[in-house]
Amino acid sequence: MKKESGNTSEAIQDETMLIRRILDGQTELFRLLARRYAGQVLQMVARLIPSPEEAEDTTQDALLEAFQSLARFDARQATFQTWLMRIAYHTALKHYRRHHKEVCMVEVEQRWLDNITDTETDVLLDDTAADRVALMEKAIGMLKSDDQMLLTLYYFDNRSIREIACIMEHDEAYFRSRLQWIRKRLAITIKTLERNEGR
């Protein structure tokens, strides 16, 4: 992740003043914040909701929720961006659970998770052969929606565990162990899919 520069600090101060003005009654200024972050919100929402129309609608729902909840924003607890991503995450998850069935997961026994080593997991997940990548994508699609989002935030969006904990509202230790568990689960799922497909 990028380190904060002076410009970032100025942008945060500018944002704080903008939020204050919105809360003081200049509500039309919220459009500036919405424009600034709409792309990021849509990107997060689209990770869970692949339909472009549904993702757009859910993005609008998240921005509306942020506008209606703006008085509850506390800059001491999180940046506005992180706070907004938390709203986007929960809005997308709620929409997903209401309109989509969770996928059927490969049954993984606890003893398999206990016995697979970190080295074996790394080898399976770092393999870039086309057939292995295809199995990886299939295996990721078989995870629960919040586990998929955790992977996305950490590996694809390069967010820190601390920021993920704030967005997904859980403690950091939980997400560290959850990531390790998900990686092992993915590795075992890939092996199982390979066996089932006769590779």
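Leaving aside neighbours within four places in sequence, H95 is in contact with I49, E54, T58 and H100. This is a predicted model. H95 sits in helix α4. Is H95 buried or exposed? H95 has a relative accessible area of 10%, and buried means under 20%, so H95 counts as buried. One of its contacts is also polar: the side chain of H95 meets the side chain of E54 at 2.7 Å.

**The whole chain**

How many helices and strands does the chain hold? There are 10 helices and 0 strands. Read along the sequence, the pattern is α-α-α-α-α-α-α-α-α-α. The chain has 199 residues, and buried residues make up 42% of them. Now take the contacts between residues at least 6 apart in sequence. Of these, 70% join residues at least 24 apart. The accessible surface comes to about 11,900 Å². Carbon and sulfur atoms account for 49% of that surface.

**The second largest pocket**

Helix α4, the home of H95, also helps to line a pocket. The second largest pocket holds about 310 Å³ of space. Its lining has 13 residues. Which of them lie nearest the centre? They are E65, S69, I87, H90 and T91. Two elements give two or more residues to this lining: α3 (52-69) and α4 (80-99). Helix α4 provides the largest share, with 8 residues. By type, the lining divides into 3 nonpolar, 4 polar and 6 charged residues.

**Helix α8 and the loop after it**

Helix α8 covers residues 145-156. Q148 has its place in this helix. Its relative accessible area is 16%; buried means under 20%, so Q148 is buried. Leaving aside neighbours within four places in sequence, Q148 is in contact with I140, G141 and L143.

Next comes the loop between α8 and α9 (161-168), where S160 is found. What does the side chain of S160 reach? It reaches the backbone nitrogen of E163, at 3.1 Å. S160 and E172 are 12 residues apart along the chain, and their C-alpha atoms are separated by 9.7 Å. The relative accessible area of S160 is 30%, so S160 falls in the partly exposed class, between the 20% and 50% limits.

**Two residues with positive phi**

Most residues other than glycine have a negative phi. N158 goes the other way: its phi is near 55°, a positive value in a residue other than glycine. N158 lies in the loop between α8 and α9. E169 also has a positive phi, near 55°, and is not glycine either. Where is E169? E169 lies in the loop between α9 and α10 (172-196).

**Exposure side by side**

The table gathers the relative accessible areas of the residues discussed above.

| Residue | Relative accessible area | Class |
|---|---|---|
| H95 | 10% | buried |
| Q148 | 16% | buried |
| S160 | 30% | partly exposed |
| E169 | 46% | partly exposed |
| N158 | 47% | partly exposed |

Why does N158 count as partly exposed? Exposed means over 50%, and N158 has 47%, so N158 stays in the class in between. E169, at 46%, is likewise partly exposed. The helix residues in the table read differently: H95 in α4 is buried, and Q148 in α8 is buried.

Conventions: Residues are numbered from 1 along each chain as its sequence is written. This is a predicted model: local features need pLDDT of at least 70, side-chain atom pairs count only at pLDDT 80 or more; totals for chains, interfaces and linings use all residues. Side-chain values use heavy atoms; hydrogens and water are left out. On a 1 Å grid over the protein atoms alone, a cavity is a set of points where a 1.4 Å probe fits but cannot get out, and a pocket is an open set with protein on both sides within 12 Å along at least five of seven lines; lining residues have an atom within 4 Å of a point. Grid points are joined across faces, edges and corners, and a volume is the space filled by probe spheres set on the points. Helices (H or I, at least four residues) and strands (E, at least two) are DSSP runs, numbered from the N terminus. Ala, Val, Leu, Ile, Met, Phe, Trp, Tyr, Cys and Pro count as nonpolar, Asp, Glu, Lys and Arg as charged, and the others, Gly among them, as polar. Buried means under 20% relative accessible area, exposed over 50%, partly exposed in between (1.4 Å probe, protein chains only). Contact means heavy atoms within 4.5 Å. Accessible areas come from the Shrake-Rupley method with a 1.4 Å probe; for residues, only the protein chains shown count as cover. A polar contact is a pair of N or O atoms within 3.5 Å; within protein, one must be able to donate a hydrogen and the other to accept it, and residues adjacent in sequence count only if both atoms are side-chain atoms.
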